[in-house]
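Welcome! Take a moment to look over the sequence and the 3D view, and then we can walk through them together, one part at a time.

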Amino acid sequence: MACLTSIWKRNMRIDIITVLPGLLEGPFSHSILKRAEEKGLATVKVHDLRPYGIGKQHTLDDYAFGGGAGMVMMIEPIASCLEALKKERAYDEVIYMTPDGQTFDQPMANAFSLKENLILLCGHYKGVDERVRQHLITKEVSIGDFVLSGGELAAAVVADAVIRLIPGVLNDETSALTDSFQDGLLAPPVYTRPADYNGWKVPEVLLSGHAANIESWRFDESVRRTKERRPDLIGGPFSSEKGGNTTAQNDS
Ligand code: ADE
């Protein structure tokens, strides 16, 4: 008889299309992401775009119509690669990594983590032919207001943030739920042994063993830290704190 975990256990798949597959060898062969693959919870496949290139040289880019500096990634190799992948399975989203996309955040990571199959397309050079964006992709995502040399590192960031949310990937499942941003607040400070290092003491309440007081202290610290560092999050759509006074005990 199938046990409950095997009924809802699923394998999320992320296919990453890139002209520099070597750049993505590292991130997925270590730590949590590697463990997610080993546990059969997530599969990340990196696809070299080069074999889909045009002619003997497998060309992937060309000059921009109308002139201007920089090469543009051509539509045909990308279309051929997407076609090959889509023959194998249906994809929930085909995401183009680009600095002018929608800014990636925790709610977007949460939403992606519920999907089954995602494609991340990494841009390079001056970007992709606009017709790729108009007709072949479903979403455009940026990891912040800065320009990277290509979309590979951005794709690795997105894949990491998404895969760690899949139930069973982290040993302590609650730890993803208590991350910064999950309730619209930054995470509270954490401490470990020793309780006193050179006179720098761990807050007394954390040593008290009083669960309710600890929880209340952590919430107050989260609110205090968020107001101090990210006041823009307070009262926002994902905030559990509407900006009122708190009972923070550790304001010094
Ligand atoms: N490619 C280059 N810069 C990027 C960014 N900030 N986010 C996503 N993809 C990118």
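A residue is called buried when its relative accessible area is under 20%, exposed when that area is over 50%, and partly exposed in between. Keep in mind, too, that what you are looking at is a predicted model. With that in hand, we can start with the whole chain: buried residues make up 38% of its 252 residues. The chain has nine helices and nine strands. How do its contacts reach along the sequence? Among contacts between residues at least 6 apart in sequence, 72% join residues at least 24 apart. As for the outside, the chain exposes about 14,700 Å², and 53% of that is supplied by carbon and sulfur atoms.

Now let us turn to the ligand. Around it there are 13 residues, and those that come nearest are Thr98, Ile143, Gly144, Phe146 and Leu148. Which parts of the fold supply this shell? Strand 5 (93-103) and strand 7 (139-142) each give at least two residues to it, and the largest share, three residues, comes from strand 5. Sorted by class, the shell holds eight nonpolar and five polar residues, and no charged ones.

Look next at the backbone around the ligand. A backbone N or O atom of Ile143 lies 3.0 Å from a nitrogen atom of the ligand. For Gly144, a polar backbone atom is 3.2 Å from a ligand nitrogen, and for Leu148 a polar backbone atom is 3.0 Å from a ligand nitrogen. How much of the ligand does the protein bury? Taken alone, the ligand exposes 260 Å², and the protein buries 97% of that.

Helix 6 makes a good next stop. This helix runs over residues 152-163, and at 1.5 Å a residue its 12 residues should span 16 Å; the C-alpha atoms at its ends are 16 Å apart, so the expected span and the model agree. Is helix 6 mostly covered or mostly open? It is mostly covered, with nine of its 12 residues buried. Among them are Glu152 and a number of alanines, including Ala154, Ala155 and Ala156, as well as Val158, Val162 and Ile163.

From helix 6 we can step across to helix 4 (residues 106-113), where Met108 is found. The C-alpha atom of Met108 is 9.7 Å from that of Ala161, although the two residues are 53 apart along the chain. Ala161 is one of the buried residues of helix 6. Met108 has a relative accessible area of 7%, so it is buried as well. Leaving out residues up to four places away in sequence, Met108 touches Gln102, Thr103 and Val141.

Another covered residue is Ser222, which sits in helix 9 (residues 211-229). Its relative accessible area is 6%, and therefore Ser222 counts as buried. Which residues does Ser222 touch, not counting those up to four places away in sequence? They are Leu185, Leu186, Ala187 and Pro188.

Our last stop is a loop. Arg50 has its place between strand 2 (42-48) and strand 3 (61-63). Because its relative accessibility is 35%, Arg50 counts as partly exposed. Apart from neighbours within four places in sequence, Arg50 is in contact with Gln57, His58, Thr59 and Leu60. Cys81 is 31 residues away from Arg50 along the chain, and the C-alpha atoms of the two are separated by 9.6 Å.

Key:
Residues numbered from 1 in each chain as written. Predicted model: local features only at pLDDT ≥ 70, side-chain atom pairs only at ≥ 80, totals over all residues. Heavy atoms only, no water. Helix = DSSP H or I, 4+ residues; strand = E, 2+ residues; numbered from the N terminus. Expected span 1.5 Å × (residues − 1). Buried < 20%, exposed > 50% of the residue type's maximum accessible area, 1.4 Å probe, protein only. Contact = heavy atoms within 4.5 Å. Areas by Shrake-Rupley, 256 points an atom, 1.4 Å probe, with all protein chains shown as cover. Near = heavy atom within 4 Å. Polar contact = N/O pair within 3.5 Å; in protein donor to acceptor, adjacent residues only side chain to side chain. Nonpolar A, V, L, I, M, F, W, Y, C, P; charged D, E, K, R; others polar.
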